[in-house]
Amino acid sequence: MFFREISELDSFFKTLDRLNVLVFNVWHDKNAEAFKNGDMHLLESFYRNYISEMRDLANELTLLQKQVEESRFEMERLEREIREMKYHPSIEGCSKVNIIGTTADDFSTLESFAISFDERSRINELAYERARRVVDIEKISLAGQL
């Protein structure tokens with residue numbers, strides 16, 4: 001988009017240069033020389049600086065656009081990986097166990113840990129082994145599959 005605008009501006013100034021050549025071929029006096037060397041030279045200088053800055057900005061924006069696009073592809077890839085993990089977890093067959101009880105400071109709390117399929121028969125024993133914050137266990141429940 002920016003490059004197209006810069007090209008259109010380039011085209012406009014080329015047309016202006018051709019028109020100025022026609023004007024300066026018939027306008028031969030002191031004012032013509034002053035206009036050509038003063039105003040037109042200043043306008044051309046501003047134009048060249050502007051075009052140079054716009055090209056630099058357009059190149060920078062193009063690089064930023066590529067970075068955004070690469071980031072978008074990376075986010076989509078990560079989203080696919082997360083979705084795949086959600087539907088086909090690497091810990092398939094494992095379950096979550098919730099322990100409800102109180103801490104050493106007498107605060108009610110919920111603590112969770114994971115167990116494998118083979119450990120389901122020892123859920124109560126494992127709850128006492130794996131509880132970190134809960135000191136007085138009130139309830140142990142199987143929360144569901146991971």
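**Note on the cavity and pocket of the model**

1. The largest cavity has a lining made up of Phe13, Leu16, Asp17, Met40, Leu43 and Glu44. The structure under discussion is a predicted model, and the points below should be read accordingly.

2. Helix 1 and helix 2 are the elements that each contribute two or more residues to the lining of this cavity. In terms of residue class, that lining holds four nonpolar and two charged residues, with no polar ones.

3. The space inside the largest cavity comes to about 30 Å³. When cavities of 30 Å³ or more are counted, the total is one.

4. Turning to the pockets, the largest has a volume of about 170 Å³. Its lining consists of Asp17, Asn20, Val21, Phe24, Lys36, Asn37, Met40, His41 and Glu44.

5. Which elements supply at least two residues each to the lining of the largest pocket? They are helix 1, spanning 2-26, and helix 2, spanning 30-87. Helix 2 gives the most, with five residues.

6. The lining of the largest pocket is divided by class into three nonpolar, three polar and three charged residues. For the largest cavity, by comparison, the lining includes no polar residues.

7. Asp17, Met40 and Glu44 deserve attention when the two linings are read together. These residues are among those lining the largest cavity, and they are also among those lining the largest pocket. Phe13, Leu16 and Leu43 are named in the lining of the cavity, whereas Asn20, Lys36 and His41 are among the residues named for the pocket.

Notes: Residues numbered from 1 in each chain as written. Predicted model: local features only at pLDDT ≥ 70, side-chain atom pairs only at ≥ 80, totals over all residues. Heavy atoms only, no water. 1 Å grid on protein atoms, 1.4 Å probe; cavity = no way out; pocket = protein on both sides within 12 Å on 5 of 7 lines; lining within 4 Å. Points joined across faces, edges and corners; volume = space filled by probe spheres on them. Helix = DSSP H or I, 4+ residues; strand = E, 2+ residues; numbered from the N terminus. Nonpolar A, V, L, I, M, F, W, Y, C, P; charged D, E, K, R; others polar.
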